[in-house]
Amino acid sequence: MQSQVRGGTRWKRFAVVMVPSVAATAAIGVALAQGALAASFSVSGQSFKVTADSLNGQGFSQYGAIDSGYTLDGKKTAHPVAVSAFKSASITNMCQSVVTPNIPLLGSVSLILRAGGAGHDAVQAENLYIDVEDLQADATFHNIDIGVAAGDTSTEKGGKGAGMKGGGEQANPYGFAQQAESAELTHVQQTAWATTAGTFKLSGLKMSVSTGTKECY
């Protein structure tokens, strides 16, 4: 079974559109698990943008969660996210950018990281989790299941995907999720609050810092 989708969405409330890493497929409500602990780490007050020419992942799953963190002035806040998980992923021509505003004398300052571009091997990741707020791309999913309980998406529980992140994340293991044996994504654009990986290998890494607003897209 294959599914091809293109689209994008934004989350502005406690209603999350589940998008298999980059494409809108179903709107759901996300409920926190009873007695959920704080997130494994508090996210910063800055989201970041990522683009890639392609992302080919094995063992895909996705579910709704809440990232707790801070605003840039130190106030506590929370962000509804769709967690896209891959047991392994290969990413070509990756760009990541984050802009810090209102720095005295400088104004905005941009940090851009690039890897896996022309002349270099693709970026390689193992046990990759991306807490996504906004996504767009073209996507093909192989043997996809939509409507699985989030806690049953790991191969250890008979699922096809990477399973939930764990570590006290605020997510409901009985809530809506989807999974696929593999996913092929191209023309990727996404805004995220956090990324975690067991291994993240960046070939041809280049990082630059400059004044002004300079983003990957």
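The exercises below, each with a worked solution, concern a predicted model of a protein chain.

**Exercise 1. Overall make-up**

Task: Describe the secondary structure of the protein chain and say what share of its residues is buried.

Solution:
- Start with the element count: the protein chain has twelve strands and zero helices.
- Read from the N terminus, the order of elements is β-β-β-β-β-β-β-β-β-β-β-β.
- Next take burial: of the 217 residues in the protein chain, 45% are buried.
- For the outside, the accessible surface amounts to about 10,400 Å², and carbon and sulfur atoms account for 50% of this area.
- Finally consider sequence separation: of the contacts between residues at least 6 apart in sequence, 80% join residues at least 24 apart.

**Exercise 2. Aromatic pairs**

Task: Find the aromatic pairs in the whole structure, and give their geometry and their places in the chain.

Solution:
- A pair of aromatic rings is described by the distance between the centres and the angle between the planes.
- The search of the whole structure returns two aromatic pairs.
- One of them joins Phe60 and Phe86, with 5.4 Å from centre to centre and 50° between the planes. Planes under 30 degrees apart would count as stacked and planes over 60 as edge-to-face, so this pair is classed as tilted.
- Phe60 belongs to strand β4 and Phe86 to strand β5 (residues 76-92), so the pair ties together parts that are 26 residues apart in sequence.
- Phe60 also pairs with Phe141, at 5.6 Å between centres and 40° between planes, and this pair is tilted as well.
- Phe141 lies in strand β8, and 81 residues separate it from Phe60 in strand β4, so this pair links distant parts of the chain.
- Then check burial. Phe60 counts as buried because its relative accessibility is 0%. Phe86 is buried, with a relative accessible area of 0%, and Phe141 counts as buried at 0% relative accessibility.
- Put together, Phe60, Phe86 and Phe141 form one aromatic cluster.

**Exercise 3. Nonpolar cores**

Task: State how many residues the largest nonpolar core has and which of them have the most contacts inside it. Then trace the core to its strands.

Solution:
- In soluble globular proteins, nonpolar side chains tend to be buried together.
- Here the largest nonpolar core has 26 residues. Those with the most contacts inside it are Phe86, Ile91, Leu128, Phe141 and Leu185.
- Two or more residues of this core come from each of β4, β5, β7 (107-115), β8 and β10 (176-196).
- Strand β8 gives the largest share, nine residues.
- Take Leu128 as an example. Neighbours within four places in sequence aside, Leu128 is in contact with Ser84, Ala85, Phe86, Ala89, Ile91, Thr195, Thr196, Ala197 and Phe200.
- Another core, of 13 residues, lies apart from the largest one, and Ala150, Ala171, Ala177 and Trp193 are among its members.

**Exercise 4. The surroundings of Gln46**

Task: Locate Gln46, decide whether it is buried or exposed, and list what it touches.

Solution:
- Gln46 is in the loop that runs between β3 (26-29) and β4 (48-70).
- The relative accessibility of Gln46 is 19%. The cut-off for buried is under 20%, so Gln46 counts as buried.
- Leaving out residues up to four places away in sequence, Gln46 touches Leu72, Val98, Val99, Thr100, Pro101 and Trp193.
- With Thr100 there is also a polar contact, side chain to side chain, at 2.9 Å.

**Exercise 5. Positive phi and other single residues**

Task: Compare the phi, place and exposure of Asn127 and His187, then examine Asp134 and Lys49.

Solution:
- Asn127, a residue other than glycine, has a positive phi near 50°. Asn127 lies in strand β8 and is partly exposed, its relative accessible area being 41%.
- His187 is not a glycine either, and has a positive phi of about 55°. His187 lies in strand β10 and is exposed, because its relative accessible area is 55% and the cut-off for exposed is over 50%.
- Asp134 is placed in strand β8 (residues 123-142) and counts as buried at 10% relative accessibility. Between Asp134 and Gln189 the C-alpha to C-alpha distance is 8.2 Å, with their positions 55 residues apart in sequence.
- The charged end of Lys49 sits over the ring of Tyr217, 4.7 Å from the ring centre.

Methods: Residues are numbered from 1 along each chain as its sequence is written. This is a predicted model: local features need pLDDT of at least 70, side-chain atom pairs count only at pLDDT 80 or more; totals for chains, interfaces and linings use all residues. Side-chain values use heavy atoms; hydrogens and water are left out. Helices (H or I, at least four residues) and strands (E, at least two) are DSSP runs, numbered from the N terminus. Buried means under 20% relative accessible area, exposed over 50%, partly exposed in between (1.4 Å probe, protein chains only). A polar contact is a pair of N or O atoms within 3.5 Å; within protein, one must be able to donate a hydrogen and the other to accept it, and residues adjacent in sequence count only if both atoms are side-chain atoms. Contact means heavy atoms within 4.5 Å. Accessible areas come from the Shrake-Rupley method with a 1.4 Å probe; for residues, only the protein chains shown count as cover. Rings of Phe, Tyr and Trp (its six-membered ring) pair if their centres lie within 6.5 Å; planes under 30 degrees apart count as stacked, over 60 as edge-to-face and the rest as tilted. A charge sits over a ring if NZ of Lys or CZ of Arg is within 6 Å of the ring centre and within 35 degrees of the ring normal. A nonpolar core is a set of buried Ala, Val, Leu, Ile, Met, Phe, Trp, Tyr and Cys residues joined through side-chain atoms within 4.5 Å.
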